[in-house]
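Hi,

Here is the structure I promised to pass on. Have a look at it first, and then read my notes underneath.

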Amino acid sequence: MNEATLRITNIKRRTALKGFVQGSILVGLAVALGGQTALAATPSATNAASGLRLTQEWDKVFPKSEKVDHQKITFKNRYGIILAADLYLPKNRESQRLAAIVVGGPFGAVKEQSSGLYAQTMAERGFVTLAFDGSYTGESGGEPRNVASPDINTEDFSAAVDFIGLLPYVDRERIGAIGVCGWGGMVLNTAAVDKRIKAVVASTMYDISRVVSKGYNDSMTAEQRTQALEQLGRQRWEDAANGRPSYQPPYNVLKGGEAQFLVDYHAYYMTPRGYHPRAVNSGNAWTITNNLSFMNFPQLTYIKEISPRPILFVHGEKAHSLYFAQTAYAAAAEPKELVIIPGANHVDLYDQVDKIPFDAMTTFFNKYLQR
């Protein structure tokens, strides 16, 4: 996967950051040094209106439902980046305007994976839904590839609301949102600032800004944070000299001895269960400097301002990430609900339909997106 390796001097820098890097790798968000990663090529069909190359065949990791209509669409966010998305419509829809839900996540995934499954399933239950690829990832636009931003990704959610609210068969006063994994934190940040979102679900959520800036379980020391920022600054010099970003090592490639939740990630992203060649997490990688914009961006600062609009937190009892949902729930104002799924781990809520509480989500949205 690597096309080049970094110079020997950077190996010495890695050694100085070993403690920090090891903690970060545990959550798949390491500020780790790695070689330039060759990313999987995007598929073939070109959307003439957007200039994006979009796959027209069904290439999801879940089966296509006969209960919904599906189409691929594109739209622009406020920064002019063109986003690719899948729109799902209930086949039994009538002439009335329907409630709608926009769906994003997990962090490092694509719409052909978990977010698409959530969107299609909620469309089966009567909602117009939209699953999108975040800026710089998947089939969406933006260069360089595979870089994230809490600001731009928050805007991606709002841009999805822009698009879906203009559809003639959508009631723009009845729009909800679902964020999965790292996009659970993104959707809460979006809902706090975008009052058009009337109800929000955060499923198996991560607060990416918290784990990047403080480490897993808030274990990063002030010294480690300083060292990480110094290293990232040096990496910027190297990227500037090269005229291109360098990439972290491939994600979810096991070498033995990993923690169980890393094994769980591999079982989803690197096997037929959930592998997709465009996903960052399926053996591709973020840029080394990807974490910079998250280091000083506490995403959930304004979570109380979602109220009086409701939040439903859904998390697995055995998920290593449960503490994110618990502290976010404690910080949020009413109305709020935390549903903990017995026996479920973090990744179970990506695709295990017997564990994802779609009935509870349907009841939640029906209640709060009613006319």
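Below is what I found, beginning with the sheet and ending with one lysine.

Please keep in mind that this is a predicted model.

The sheet is a good place to begin. It is open and built from eight strands, in the order 3-4-6-5-7-8-9-10, with mixed pairing. Strand 3 and strand 10 (336–341) are at the edges; each has a single partner strand, so one side of each has no neighbour in the sheet. On average, neighbouring strands are turned by 20° against each other, ignoring direction.

At the strand 3 edge, the partner is strand 4 (residues 82–90): the two run antiparallel and are joined by nine bridges. Within this pair, you will find Gln71 opposite Leu87 of strand 4.

A helix also packs on the sheet. This is helix 12 (residues 358–368), which touches strand 5 (98–104), strand 7 (170–180), strand 8 (197–203) and strand 9 (311–316). The direction of helix 12 makes about 165° with that of strand 8.

Now for the lysine. Lys60 lies in the loop that runs between strand 2 (36–37) and strand 3 (68–76). Is Lys60 buried or exposed? Its relative accessibility is 11%, and because the cut-off for buried is under 20%, Lys60 counts as buried. Leaving aside residues up to four places away in sequence, Lys60 touches His70, Asp86, Tyr88 and Glu112. With one of these, Asp86, the Lys60 side chain makes a side-chain to side-chain polar contact of 2.7 Å.

Enjoy looking around, and write back with any questions.

Best wishes

Terms used: Residues numbered from 1 in each chain as written. Predicted model: local features only at pLDDT ≥ 70, side-chain atom pairs only at ≥ 80, totals over all residues. Heavy atoms only, no water. Helix = DSSP H or I, 4+ residues; strand = E, 2+ residues; numbered from the N terminus. Buried < 20%, exposed > 50% of the residue type's maximum accessible area, 1.4 Å probe, protein only. Polar contact = N/O pair within 3.5 Å; in protein donor to acceptor, adjacent residues only side chain to side chain. Contact = heavy atoms within 4.5 Å. Pairing = 2+ DSSP bridges. Axes fitted to C-alpha atoms, helices over the stretch in contact; angles between N-to-C directions.
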